[in-house]
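Visitor: Could you walk me through this one? I'd like to start with a turn and work outwards.

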Amino acid sequence: MKSRMTMFAAVVLVLGVMAFAQEQSQTKPAEVAPTDTVAKEIPGVIKAGTKIAVVIASVPGHGAPGVTTQGTEGPISLPEGTMIFCETILGRVAKVDKDGKESVFVDAAVAHGPNGLAWDPKGRLLGATTAAGHAGVEAIYPNGREAALTDEFEGKPFVRPNDLFVDKKGGVYFTDPANVPNPPMAPAVYYISPSGGKVTKVAEGIEFPNGVTMSPDEKTVYINNTAGEYMLAFDVQPDGTLRNRRNFAKYEDLTITNGKVGGGGDGFTVDTSGRIYAAAGGSVQVFSPKGQLLGKIPTSRRPQNLTFAGPDMKTLYIVGGGSVFKTQMAAQGIKRRGGK
């Protein structure tokens, strides 16, 4: 049984990477280099004229020269204020230091192809992992504390976990869009209990559950449906389950072809005031805690995910299309979410 599951996982990995590459190839043409952009004023968020600067124009070692579909995903702050992110195609975690230099933080043999990252209250780095035989949620750092938290639900292997978020109690929300042909399970959102590690399906019926995050008070979970026009919101119950699904905010600048949405919401982050930042429609769209669109932060390549970092948590890093950008913010990220 285990060998059959491993074989399935290998097939899923190949199909998943192909699907990922196809999705990313729909970004800007490969020959167009990323460039700095300039922000318009969003009161309390970012000042007019602030530069969104290119930090990494392409990720070394990925693909042929000129190819921009590099698999940049899942950025998260390190405790000292620098940033790490997933190199999904290479299957590892990279680090960007304060000078913009890139290095390997967790290599592929340990990282197991993460697509999303989060710190837990124990100081462990968790990954939504996709490598053959490792699709699930794993602790991948620090050395010596690696562990698999879950790799199946009701006896069936996860397909291709995408993103995750750890609440202050240590519970883990993660998405699995099951974005391969004929998946063994439908797309869903899951929760790993902090006590006992029980896995519960907490949301289903979402075409492509992608990014997941929580409000600062952790009473609300936000989930992006990449195949839809809306950011979704749910009320959190005492046991971590979710209720009262609703369309929380509507994205702009999406493409709809034959009834199918393109460029829908991907990754998330939240600031200390409860504003939500989402990679969607070719920019970072910023919403109030009530779901009102406040403005957009432009990038020269389609953003996929983002995080606050820096010593004061006022640097916003944005990744996408094989590039890393950063900009100085007036808003501040939540320090606890940057790890211990």
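Visitor: Which residue takes a positive phi in the hairpin of β28 and β29?
Guide: In that hairpin, where 2 residues lie between the strands, Gly321 has a positive phi near 60°. Strands here are DSSP runs of E with at least two residues, and helices are runs of H or I with at least four, each numbered from the N terminus. Please keep in mind that this is a predicted model, in which local features need pLDDT of at least 70 and side-chain atom pairs count only at pLDDT 80 or more, while totals for chains, interfaces and linings use all residues. Residues are numbered from 1 along each chain as its sequence is written, and side-chain values use heavy atoms, with hydrogens and water left out.

Visitor: OK, and how many bridges join β28 and β29?
Guide: The two strands pair in the antiparallel sense over 6 bridges, where pairing requires that DSSP find at least two bridges between the strands. Within that pairing, Tyr317 stands opposite Lys326 of β29.

Visitor: What does β28 do with β27?
Guide: Those two are also antiparallel partners, with 5 bridges between them, and Phe308 has Leu316 in β28 as its bridge partner. Their hairpin has 5 residues between the strands, and Gly310 there takes a positive phi near 90°.

Visitor: Why is β28 described as largely enclosed?
Guide: Strand β28 covers residues 315-320, and 6 of its 6 residues are buried, so it is largely enclosed by the rest of the structure. Buried means under 20% relative accessible area, with exposed meaning over 50% and partly exposed lying in between, using a 1.4 Å probe and protein chains only. Thr315, Tyr317 and Val319 are buried on one side of β28, while Leu316, Ile318 and Gly320 are buried on the other.

Visitor: In what order do the strands of that open sheet run?
Guide: The order is β1-β2-β29-β28-β27, which makes an open sheet of 5 strands with antiparallel pairing. Its edge strands, each pairing on one side only, are β1 at 37-38 and β27 at 305-309. Further in, β2 (residues 51-56) and β29 (residues 323-328) are antiparallel partners over 3 bridges, with Ile56 opposite Val324.

Visitor: Switching strands, how many residues of β25 are buried?
Guide: In β25, which spans residues 283-287, 5 of the 5 residues are buried, so this strand too is largely enclosed by the rest of the structure. Ser283, Gln285 and Phe287 point one way, Val284 and Val286 point the other way, and all are buried.

Visitor: And what sits between β24 and β25?
Guide: A hairpin links them, with 2 residues between the strands, and Gly281 in the turn has a positive phi of about 60°. Strand β24 (residues 276-280) pairs with β25 in the antiparallel sense over 5 bridges, and Tyr277 has Val286 as its bridge partner. On to β26 (residues 293-298), which pairs with β25, again antiparallel, over 5 bridges; here the bridge partner of Gln285 is Lys296.

Visitor: New topic: how much space lies in the largest cavity?
Guide: About 330 Å³ lies in it, the volume being the space filled by probe spheres set on grid points joined across faces, edges and corners. A cavity is a set of points on a 1 Å grid over the protein atoms alone where a 1.4 Å probe fits but cannot get out, and lining residues have an atom within 4 Å of a point.

Visitor: Which residues lie nearest its centre?
Guide: Of the 26 lining residues, Ile76, Leu117, Phe165, Thr307 and Arg337 lie nearest the centre of the largest cavity. The elements that give two or more residues to this lining include β3 (72-77), β7 (114-119) and β27, so β27, an edge strand of the open sheet, appears here again.

Visitor: How many cavities of 30 Å³ or more are there altogether?
Guide: The structure holds 2 of them.

Visitor: Last one: how many helices and strands does the whole chain have?
Guide: The protein chain has 2 helices and 29 strands, and 55% of its 340 residues count as buried.

Notes. On a 1 Å grid over the protein atoms alone, a cavity is a set of points where a 1.4 Å probe fits but cannot get out, and a pocket is an open set with protein on both sides within 12 Å along at least five of seven lines; lining residues have an atom within 4 Å of a point.
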